[in-house]
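Reader: Hey, got a minute to walk me through this model? I'd like to go strand by strand and then look at the helices.

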Amino acid sequence: MTKNEFQVTGMTCGHCEMSVREEVSEVPGVEDVQVSARNGTLVVTGSAPIDETRILAAVAEAGYSAVRTS
């Protein structure tokens with residue numbers, strides 16, 4: 001399993017979390033998505049390495065910006 005963590009800016013509520021979760025879950029290889037508007041975090045898990053640029057693009061598509069933290 002691979003786990004990628006991101007800091008997301010601009011999320012303020014549950015709807016924000018849902019938007020990010022929906023977009024990121026469509027990225028190939030993503031098996032689990034944990035989003036916290038309160039902490040501004042996104043944790044993406046997959047069984048194989050996931051293309052970070054696709055995750056960042058999915059977050060942008062949802063209307064937010066992100067940077068990888070680990």
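Reader: Is β3 buried or exposed, mostly?

Author: Strand β3 (residues 41-46) is mostly covered, with five of its six residues buried. Buried here means under 20% relative accessible area, with exposed over 50% and partly exposed in between (1.4 Å probe, protein chains only). Strands are DSSP runs of E, at least two residues, and helices are runs of H or I, at least four, numbered from the N terminus.

Reader: Before I go on, where do the numbers come from?

Author: This is a predicted model, where local features need pLDDT of at least 70, side-chain atom pairs count only at pLDDT 80 or more, and totals for chains, interfaces and linings use all residues. Residues are numbered from 1 along each chain as its sequence is written, and side-chain values use heavy atoms, with hydrogens and water left out.

Reader: Cool. What's the strand order in the sheet?

Author: The order is β2-β3-β1-β4, an open sheet of four strands with antiparallel pairing. Two strands pair if DSSP finds at least two bridges between them. The edge strands, β2 and β4, each pair on one side only.

Reader: And how many bridges join β2 to β3?

Author: Six, with the two strands running antiparallel. V33 stands opposite V44, and V35 stands opposite L42. The hairpin of β2 and β3 has four residues between the strands, and G40 takes a positive phi near 70 degrees there.

Reader: What about β1 against β3?

Author: Six bridges join β1 (residues 2-9) to β3, also antiparallel. T2 has G46 as its bridge partner in β3.

Reader: Switching to helices. At what angle do α1 and α2 cross?

Author: Roughly 140 degrees, and the axes of α1 (residues 14-25) and α2 come within 8 Å. Axes are lines fitted to C-alpha atoms, for helices over the stretch in contact, and angles run from 0 to 180 degrees between N-to-C directions.

Reader: Which residues make the contact?

Author: From α1 they are V20, E23 and V24, and from α2 they are I55, A58, V59 and E61. Contact means heavy atoms within 4.5 Å.

Reader: One last spot: where is A62?

Author: A62 is found in the loop between α2 (52-61) and β4 (65-68). A62 is buried, with a relative accessible area of 19%.

Reader: Which residues does A62 touch?

Author: S19, V20 and E23, not counting residues up to four places away in sequence. The C-alpha atoms of A62 and S25 are separated by 12 Å, and these two are 37 residues apart along the chain.
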